[in-house]
Amino acid sequence: YIVVKALVAGVQPATFDIALTREMLTITGQRSDEKEVEDENYFQKELYWGSFSRTILLPEEIDVDMAEASEKHGILMIRLPKINKKRQTKLKVRAR
């Protein structure tokens with residue numbers, strides 16, 4: 001497996017968009033600010049608000065149909081199973 005973890009605190013899981021190909025992963029989402037405090041009253045901010053997007057080129061090809069994503073306590077975890085390139089199968093020849 002290839003495992004990707006991303007900090008997504010403040011993002012609702014329903015707003016994630018995870019696009020996946022055999023070689024690339026793109027995570028997009030939206031972090032909304034509730035505006036409980038006006039900007040001029042902050043001493044320091046360490047979170048940013050708005051939309052975000054991250055694209056990751058994967059080191060190996062993965063099986064997109066078997067990929068899984070979960071979120072817990074503000075951490076998004078994506079498990080990407082690698083394609084087994086050594087796997088073989090036998091084909092039977094049918095007579096016509």
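The following paragraphs lead through the fold, the sheets, one hairpin and the largest pocket of this structure.

The model is a predicted one, in which local features need pLDDT of at least 70 and side-chain atom pairs count only at pLDDT 80 or more, while totals for chains, interfaces and linings use all residues. Residues are numbered from 1 along each chain as its sequence is written, and side-chain values use heavy atoms, with hydrogens and water left out.

The protein contains six strands and zero helices; here helices (H or I, at least four residues) and strands (E, at least two) are DSSP runs, numbered from the N terminus. Along the sequence the pattern therefore reads β-β-β-β-β-β. The radius of gyration, taken over C-alpha atoms, is 20 Å, whereas a compact globule of 96 residues would have one near 12 Å; the globule rule is 2.2 Å times the number of residues to the power 0.38. Along the principal axes, the C-alpha atoms fill a box of roughly 80 × 25 × 20 Å. Of the 96 residues, 20% are buried, where buried means under 20% relative accessible area, exposed over 50%, and partly exposed in between (1.4 Å probe, protein chains only).

The pairing of strands comes next. Two strands are said to pair if DSSP finds at least two bridges between them. One open sheet has three strands in the order β2-β3-β4, with antiparallel pairing. Its edge strands are β2 (17–20) and β4, each of which pairs on one side only. From one strand to the next the twist averages 10°; axes are lines fitted to C-alpha atoms, for helices over the stretch in contact, and angles run from 0 to 180 degrees between N-to-C directions. Within this sheet, four bridges join β2 to β3, and Leu 20 stands opposite Leu 25 in β3.

Strand β6 takes part in two further pairings. With β1 (residues 2–7) it pairs in the antiparallel sense over six bridges, and Val 3 stands opposite Arg 79 in β6. With β5 it pairs, also antiparallel, over five bridges, and there Glu 71 has Leu 76 as its bridge partner. In a regular strand the side chains alternate between the two faces of the sheet. Strand β6 shows such alternation: Leu 76, Ile 78 and Leu 80 point to one face and are buried, while Ile 75, Met 77 and Arg 79 point to the other and are not buried.

The loop between β5 (68–72) and β6 (75–80) holds His 73. The hairpin of these strands has two residues between them. Most residues other than glycine have a negative phi, but His 73 has a positive phi of about 55°. Because its relative accessibility is 73%, His 73 counts as exposed.

The last feature is the largest pocket, which holds about 200 Å³ of space. Of the 13 residues that line this pocket, the closest to its centre are Ala 6, Leu 7, Val 8, Arg 31 and Tyr 48. On a 1 Å grid over the protein atoms alone, a pocket is an open set of points where a 1.4 Å probe fits, with protein on both sides within 12 Å along at least five of seven lines, and lining residues have an atom within 4 Å of a point. Grid points are joined across faces, edges and corners, and a volume is the space filled by probe spheres set on the points. Strands β1, β3 (24–31) and β4 (50–57) each supply at least two lining residues, and β1 gives the most, with four.
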